[in-house]
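Here is a quick walk through some surface features, with rings, charges and greasy patches on the menu. Have the model open while you read.

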Amino acid sequence: HLLSMAEWFARFLLACRPDAVERSATALASLLLVAEEGYQPALRQAGVDVDGRMGVHASSPEGAQLSYAVRRGYLLLQKTEDMMAGSMWGMELRRKGLGDKLRIEKLSTDEVLRLEPSLSPT
């Protein structure tokens, strides 16, 4: 069984090279840029307005007032400055692939806690 995995493992190692990762990330970014637009016909057919309120489809009464889509971005958090520095290559890949559609800001701990008060600063 181990020998049959050798070819897979060799291909895996080749796919882990920085140039291969960059090619994959760029290809995925090109899909992400048009993904929402691609869903629009199915959403229209289902009668779903992703910017409208969830109403009866929400999992809780509180959620009924929320919209399906929240377009405020996402947080990429790291515990230490060293860990943040280590994630810069991935951030640059995102920026390269998504271009001006991606806004990146470095936030202080206080700014993150204002956005997500339930997070622990440690």
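A residue is called exposed when its relative accessible area is over 50%, buried when that area is under 20%, and partly exposed in between. Trp-8 has a relative accessibility of 52%, so Trp-8 counts as exposed. Keep in mind that this is a predicted model.

## The aromatic side of helix H1

How many aromatic pairs does a search of the whole structure find? It turns up two. One is Trp-8 with Phe-12, a stacked pair with 5.4 Å from centre to centre and 15° between the planes. Both residues sit in helix H1, four residues apart, or about one turn of the helix. Phe-12 comes in at 39% relative accessibility, so Phe-12 is partly exposed.

Phe-9 and Phe-12 also pair up: their ring centres are 6.3 Å apart and their planes meet at 25°, so this pair is stacked as well. Phe-9 and Phe-12 are three residues apart in helix H1, so about one helical turn separates them. Phe-9 has a relative accessible area of 43%, which makes Phe-9 partly exposed. Put together, Trp-8, Phe-9 and Phe-12 form one aromatic cluster.

## A nonpolar patch

Which residues make the nonpolar surface patch of about 520 Å²? They are Met-5, Trp-8, Phe-9, Phe-12 and Leu-13, so the members of the aromatic cluster turn up here too.

Met-5 belongs to helix H1, which covers residues 2-15. With a relative accessible area of 37%, Met-5 is partly exposed.

## Salt bridges within a helix

The count of salt bridges comes to seven. One of them is in helix H1, where the side chains of Glu-7 and Arg-11 meet at 2.8 Å, N to O. Glu-7 and Arg-11 are four residues apart in that helix, so they are separated by about one helical turn. Buried or exposed? Glu-7 and Arg-11 are both exposed.

Helix H4 has a bridge too, between Arg-95 and Glu-92, with the closest N and O atoms 3.7 Å apart. Why are these two about one helical turn apart? Because Arg-95 and Glu-92 are three residues apart in helix H4. Arg-95 is partly exposed, at a relative accessible area of 34%, and Glu-92 is partly exposed at 39%.

## A longer link and a network

Lys-106 bridges to Glu-81, with 3.2 Å between the closest N and O atoms. This pair links distant parts of the chain, 25 residues apart: Lys-106 is in the loop between helix H4 (88-98) and H5, while Glu-81 is in helix H3 (residues 81-86). Lys-106 has 61% relative accessibility and so counts as exposed. Glu-81 is exposed too, with a relative accessible area of 54%.

Arg-17, Asp-19 and Arg-23 go a step further and are linked in a network of salt bridges.

## After helix H5

Where is Ser-120? Look in the segment after helix H5 (109-115). At 51% relative accessibility, Ser-120 counts as exposed, because the cut-off is over 50%. Ser-120 and Leu-32 are 88 residues apart along the chain, and their C-alpha atoms are separated by 31 Å.

Notes
Residues numbered from 1 in each chain as written. Predicted model: local features only at pLDDT ≥ 70, side-chain atom pairs only at ≥ 80, totals over all residues. Heavy atoms only, no water. Buried < 20%, exposed > 50% of the residue type's maximum accessible area, 1.4 Å probe, protein only. Patch = residues over 30% accessible without salt bridge, like charges linked within 9 Å, V, L, I, M, F, W, Y side chains within 5 Å. Areas by Shrake-Rupley, 256 points an atom, 1.4 Å probe, with all protein chains shown as cover. Salt bridge = Lys/Arg side-chain N within 4 Å of Asp/Glu carboxyl O. Phe/Tyr/Trp six-rings, centres within 6.5 Å; stacked < 30°, edge-to-face > 60°.
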